[in-house]
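This report goes through selected features of one model, from the make-up of a chain to backbone details and ring pairs. Please keep the sequence and the structure at hand while reading.

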Amino acid sequence: MRPGDAGTFGGTMGLLAGTESFISGLLYSVRTPAHVVSLIGLGLLAGRAIWSTQARTLAAFAFGLVSSLGAIAWGAGETPASDVLLAMALLCGLIAATGITVSAWFTAPAALVSGTALGLDSPPDAILLREAVLMLIGTACGDIALLAMMSAAASALSRLWRGIVIRVAGSWIAAIALLVLALRWT
Amino acid sequence: MRHDEAGNATIAVIAIALLLSASGAEPASAHGGGDIAGGFAGGFGHPLFGPDHVAAMVAVGLWGAMLGPPAIWLLPIAFPLVMAFGGVLGIVAVPMPRVEVGIAISAIVLGLMIALAVRAPLVVAVAVVSAFAILHGHAHGSDLPPGADAIAFSAGFVIATGLLHVGGIGLGLVMRWPAGRIAVRLIGAAIAGAGVIFLRTAVWL
């Protein structure tokens, strides 16, 4: 991968031209459609829950993400993480679309799996160890902040028009994830 | 339901669409054939440049607005999900003869529902829209490109479809006025009329 290239899904993380490694990692998920779809899906799920459930979901996500980024730093190889990520996005989107109420017993494990898959799907391609570590730290910070923002936005939207926006967005996320999974498995 | 709330909800849906599209519009990827920008634009344009799709999608939103809650939001939620299922059928090449004929018929049927102001029960409305969603999804799914830009293409056409529904719902808001109700029924008649032209073209081909 050349400097300035962006990974899409199941790819590697590249340096954005003119930015530091940390910033590159910070923005990696924003530049990766599969990650955005997954984070919106999980955010929709978490945002409908009460504050304590949201906090547990975010903590589980952070734990999974940091653990898997650590595994990558220790040389974890290629995994089917992007498929898992899309499968979780499909599940979260369906739950949000149908309006089913779920407790922290579901959202926290879902967040743990998503966080782990997201981390494993974000391998840096930096040659220097320092750069790679900074990228991974940036990724962790960026993804946790993104999920927190998605949850907060979904929480605000869930009070709007009886949560219809959440359900519509959930159906979009589920539809996108289902189509991409079907394409990847055929 | 207040109309300022409806406006806020519409803005929120469009904001989510923009967020997804901002990610999908990332410049080309380094991973073999992954033209994300092209993928998103291609997917977004797929329903928009097919007048039969546009007519049917706007009709779904309009009919939902005409039926009122919960159909106004249930139809646009059910449609993408069932459409994705139809898309999967298209991707795995499940044969579905004369899909274009079915899509043209969807414009006729949905247009007539609006023109005649049919107050169908919710279950019937969802069933009718879902049946047509499978056909629309199959047509889209057959055209999905393989490779890394698939997610951008999928996001593009799901968002475009959703925004057409939102457009239909937005048009339907004029029904709060008596003249608006007549205008919406006329739009329904126009969609049905266009459907007849689409059907003629599809049968001809």
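How many helices and how many strands does chain A have? In this predicted model, chain A has seven helices and zero strands.

## Overall make-up of chain A

Read along the sequence, chain A accordingly follows the pattern α-α-α-α-α-α-α. Chain A has 186 residues, and 58% of them are buried, while the accessible surface of the chain comes to about 7,400 Å², with 70% of that area belonging to carbon and sulfur atoms.

The contacts in chain A can be described by separation in sequence: among those between residues at least 6 apart, 80% join residues that are at least 24 apart.

## Backbone details in the loops of chain B

In chain B, a cis peptide bond joins B:Pro69 and B:Pro70, with omega at about 0 degrees. B:Pro70 is placed in the loop that runs between helix H3 (51-67) and helix H4 (71-91).

Two further loop residues, neither of them glycine, have a positive phi. For B:Arg98, phi is near 55 degrees, and this residue is found in the loop between H4 and helix H5 (99-115) of chain B. For B:Ala117, phi is near 50 degrees, and its place is the loop between H5 and helix H6 (122-143) of chain B. B:Ala117 has a relative accessibility of 25% and therefore counts as partly exposed, given that the partly exposed class lies between 20% and 50%.

## Aromatic pairs

Over all chains, the structure holds two aromatic pairs. One of them is formed by B:Phe40 and B:Phe44, which are stacked, with 5.7 Å from centre to centre and 25 degrees between the planes. Both residues lie in helix H2 (residues 36-48) of chain B, where they are four residues apart, about one turn of the helix. As for exposure, B:Phe40 is buried, with a relative accessible area of 9%, whereas B:Phe44, at 25% relative accessibility, counts as partly exposed.

In the pair of B:Phe153 and B:Phe157, the ring centres are 6.1 Å apart and the planes stand at 70 degrees, so this pair is edge-to-face, the class for planes over 60 degrees apart. Why are B:Phe153 and B:Phe157 separated by about one helical turn? They are separated in this way because they are four residues apart in helix H7 (residues 150-172) of chain B. Both B:Phe153 and B:Phe157 are buried.

Key. Residues are numbered from 1 along each chain as its sequence is written. Chains are lettered from A and ligands numbered from 1 in the order in which they are written. This is a predicted model: local features need pLDDT of at least 70, side-chain atom pairs count only at pLDDT 80 or more; totals for chains, interfaces and linings use all residues. Side-chain values use heavy atoms; hydrogens and water are left out. Helices (H or I, at least four residues) and strands (E, at least two) are DSSP runs, numbered from the N terminus. Buried means under 20% relative accessible area, exposed over 50%, partly exposed in between (1.4 Å probe, protein chains only). Rings of Phe, Tyr and Trp (its six-membered ring) pair if their centres lie within 6.5 Å; planes under 30 degrees apart count as stacked, over 60 as edge-to-face and the rest as tilted. Contact means heavy atoms within 4.5 Å. Accessible areas come from the Shrake-Rupley method with a 1.4 Å probe; for residues, only the protein chains shown count as cover.
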